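Q: Please take a close look at a single buried residue in this model, and then set that residue in the context of the chain around it.

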Amino acid sequence: MPPPPVPPDQAADARECFAAIARACAAEVLEAAELPGLGDEPEHLHRLRVAIRRARAALSLFRVATQENRRLPLARELRRLQRRLGAAREWDVLVDETLAALPPSLRARPAAGALVRLAEARREEGRKEVRAALHRPDSIATLRRLAAWPGRHLGAAPRGPWREDMLAAPAASVAAEVLEAHHRKAARLGRKLKRLDTPALHRLRIRVKKLRYAAEFLAPYAPGRGTKRYLAALRDLQQALGTWHDLAIAEARLAALHPAGAAPLADWLAGHEAAQREVARQAWRRFARRKRFWDRT
């Protein structure tokens, strides 16, 4: 999915930059929320969840321009909506990716077959929950607030606890500050990737995801080959970490669903998880060699 556009003018200030990102992300969420068959089409649901994640990431950029780095209320509402949609997407991944890759010899086992059927049934329940969640009054109110937020809060006379000095600063300098902070936060944990347990892996995955969205939003302020290479390595790393995380938690999720069916899959899942762990390590090494494109020193 392409990043929202930001003003290409290098003289733009942070207010113009943030407002353009906010408008584009709001439009992206609202368009995805109107997709037909949203509760039945896995890719449509995925598109909406990604759009909401990107909107939340965009709002987190605004925190550097608020007094005391306050969290914006709309970000909490979007997080709540995303969680309502999250379980259904997780079941889609489990059924369509993890279990779909089962060797025929394992899938032919009666217990494993029963597990697959249970997972498919749980996915159908999740899709019904998605349709219900999107029609909740508070979910509809969140989408309406998101649609109105950019113009209401970032006009010529913004309301709220804003730091006017930050909003008036050149967008390129603010972008460099934001990206450096996100990069360092991801790197602190990424250097320990070899020793990460599942909860720490989840934290790294989230940090890398936030870094990716921030980098996509702000890349136009530092265009060039180095920017493209950094973004490509970052996307590969996020994909590798996401697949690793899905495999790392699959065994526990399946065991809770049907212990007898999950037991025969344990060795197969462990082997795939170990292989994907190595893929993620290699992706991290490639990413770590990339120069930070916003650093012109």
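A: A residue is called buried when its relative accessible area is under 20%, exposed when that area is over 50%, and partly exposed in between, with a 1.4 Å probe and protein chains only. Phenylalanine 287 has 2% relative accessibility and therefore counts as buried. This is a predicted model, in which local features need pLDDT of at least 70 and side-chain atom pairs count only at pLDDT 80 or more, while totals for chains, interfaces and linings use all residues. Residues are numbered from 1 along each chain as its sequence is written, and side-chain values use heavy atoms, with hydrogens and water left out.

Phenylalanine 287 sits in helix H12, which covers residues 266-288; helices here are DSSP runs of H or I with at least four residues, strands are runs of E with at least two, and both are numbered from the N terminus. Contact means heavy atoms within 4.5 Å, and, once neighbours within four places in sequence are set aside, phenylalanine 287 is in contact with His183, Leu211, Tyr230, Ala233, Leu234 and Leu237. Leucine 78, by comparison, is 209 residues from phenylalanine 287 in sequence and 30 Å from it in space, C-alpha to C-alpha.

Leu234 leads on to arginine 212, since the contacts of arginine 212, again without neighbours within four places in sequence, are Leu234, Arg235 and Gln238. Arginine 212 lies in helix H9, residues 198-218, and its relative accessibility of 18% means that this residue also counts as buried.

Burial can also be followed in helix H2, where 15 of the 21 residues are buried, so that this helix is largely enclosed by the rest of the structure. Helix H2 spans residues 42-62 and reaches 31 Å from its first C-alpha to its last, close to the 30 Å expected at 1.5 Å a residue, the expected span being 1.5 Å times one less than the number of residues.

Across the protein chain, 48% of the 297 residues count as buried, and the secondary structure comprises 12 helices and zero strands. Among contacts between residues at least 6 apart in sequence, 75% join residues at least 24 apart. The radius of gyration, taken over C-alpha atoms and compared with a globule rule of 2.2 Å times the number of residues to the power 0.38, is 21 Å, which agrees with the value near 19 Å for a compact globule of 297 residues.
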